[in-house]
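Here are some short exercises to work through with the structure open beside you. Try each task yourself before reading its solution.

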Amino acid sequence: MVTERKKWWSSPIHDIKEVLWSLLYIVPIAFVIRTFLFGLYVVPSGSMETTMLVGDRFFSDKFSYLFRAPRRGEILAFNDATFKYSDNTLTYLWQQYVWGPMNVTKRIIGLPGDHVQGRVEHGVPVIYINGEKLAEPYLNKYPLMPEWGGRAGSTREDPLVFKSYDPSCSITEQPFYRFNNYGVSLARTRLAACGEESIRYPETVTYSGNKIVDEFDVQLGSDEYWVMGDNRRGSADSRMWGPLKRKFIHGRILFRLFSVDPDNSWLIFDILFHPIDFWRRVRWSRSMQFVT
């Protein structure tokens, strides 16, 4: 009986020892690399348009922030600042480093100790850092077009999404995203019926209810950063939820690997379900390039 067990344990089909030993090495190494060296991210929302588009795949540098502080203008990857962490230490560590809040990407506007002010001057939102007006050449310069559902038969349960569009191009020849004429028409009609704006123009004021979110006056603490999306008309950022704590920052977006206008959140399913159309949606001009 002992001989048979040894034979089973060492057989190629049931080589559990090799699997277990591999896991003992691979899992910790992968955890260290993912936590402290670099990460891979896919952009889920349009808050950083047009610097980053939904469907962009990025490489992030986590190693640098082990030795220096984040700098103004850098694009961060960080844990969702609105996530409610557990009071239990073990659960908190699991949420912080393994599985918990979603990853969010914004640009650093204010550094620890900065006095950050948001004002509206002549109808245009502007930012002052320690009394000096901030130049922001990276801001999205394109209007946002709404699209509802993107298919015939769309309902209010389908997502309403505002996407950057180029007014100089037709709906069918947009440079950033593909639009569905039915989805656009449905969205604009329903928004107009509700008295809401059907086009969001850049360099205009953003409201949350009756409050102008572009007006704020904040003194940052020693471990706080003020972060905002480049797409100010379509970004939930420090204007809504306040300063970002240093401990939630885990990387600097550095390099765009490739980009595809998504039809499915899971890349492998997108390829399997749309093997031909997928390659038509790849944004080849936005592949293999550094991001600033």
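**Exercise 1. Find which elements are joined by the salt bridge between Lys133 and Glu121.**

Solution. Start with the atoms: in this predicted model, the side chains of Lys133 and Glu121 meet in a salt bridge, with N and O 3.7 Å apart. Next, place the two residues. Lys133 lies in strand β7 and Glu121 in strand β5, so the salt bridge ties together parts 12 residues apart in sequence. Finally, check the surroundings of Glu121: its relative accessible area is 24%, so Glu121 is partly exposed, given that buried means under 20% and exposed over 50%.

**Exercise 2. Work out the strand order of the sheet that holds β5 and β7.**

Solution. Begin with one pair. Strand β5 (residues 115-121) and strand β6 (residues 124-129) are antiparallel partners, joined over six bridges. Glu121 can guide your eye here, as Val124 in β6 stands opposite this residue. Now extend the view to the whole sheet: four strands in the order β7-β6-β5-β12 make an open sheet with antiparallel pairing. The edges are β7 (132-133) and β12 (216-219), each of which pairs on one side only.

**Exercise 3. Describe the surroundings of Asp114: is this residue buried or exposed, and what does its side chain contact?**

Solution. Locate Asp114 in the loop between β4 (103-110) and β5. Its relative accessible area is 7%; this is under the 20% limit, so Asp114 is buried. Then look for polar partners. The Asp114 side chain makes a polar contact of 2.8 Å with the side chain of Arg72, and another, of 3.0 Å, with the side chain of Asn130. To complete the picture, set aside neighbours within four places in sequence: Asp114 is then in contact with Arg72, Ile129, Asn130, Val218, Gln219 and Leu220.

**Exercise 4. Compare where the salt bridges Arg286–Asp56 and Arg233–Glu197 sit.**

Solution. Take Arg286 and Asp56, whose closest N and O atoms are 3.0 Å apart. This pair links distant parts of the chain: Arg286 is in the loop between α7 (277-280) and β16 (289-290), while Asp56 is in strand β2 (residues 56-61), 230 residues apart. Arg286 and Asp56 are both buried. They also belong to a salt-bridge network with Arg256, Asp261 and Arg283.

Turn to Arg233 and Glu197, with closest N and O atoms 2.6 Å apart. Here Arg233 is in the loop between β13 (224-228) and α5 (238-241), and Glu197 in the loop between α4 (181-193) and β10 (207-208), 36 residues apart. Arg233 is buried at 9% relative accessible area, whereas Glu197, at 38%, is partly exposed. For context, the structure holds 19 salt bridges.

**Exercise 5. Identify which residues make the nonpolar surface patch of about 590 Å².**

Solution. Look for Trp266, Ile268, Phe269, Leu272 and Phe273, which make up this patch. Pick Leu272 as an example, found in helix α6 (residues 267-273). Its relative accessibility is 55%, so Leu272 counts as exposed. Then step back to the chain, which exposes about 17,100 Å², with carbon and sulfur atoms supplying 60% of that area.

**Exercise 6. State how many helices and strands the chain has, and what share of its residues is buried.**

Solution. Count the elements: there are seven helices and 16 strands. Then turn to burial: 40% of the 292 residues count as buried.

Terms used:
Residues numbered from 1 in each chain as written. Predicted model: local features only at pLDDT ≥ 70, side-chain atom pairs only at ≥ 80, totals over all residues. Heavy atoms only, no water. Pairing = 2+ DSSP bridges. Helix = DSSP H or I, 4+ residues; strand = E, 2+ residues; numbered from the N terminus. Buried < 20%, exposed > 50% of the residue type's maximum accessible area, 1.4 Å probe, protein only. Areas by Shrake-Rupley, 256 points an atom, 1.4 Å probe, with all protein chains shown as cover. Patch = residues over 30% accessible without salt bridge, like charges linked within 9 Å, V, L, I, M, F, W, Y side chains within 5 Å. Salt bridge = Lys/Arg side-chain N within 4 Å of Asp/Glu carboxyl O. Polar contact = N/O pair within 3.5 Å; in protein donor to acceptor, adjacent residues only side chain to side chain. Contact = heavy atoms within 4.5 Å.
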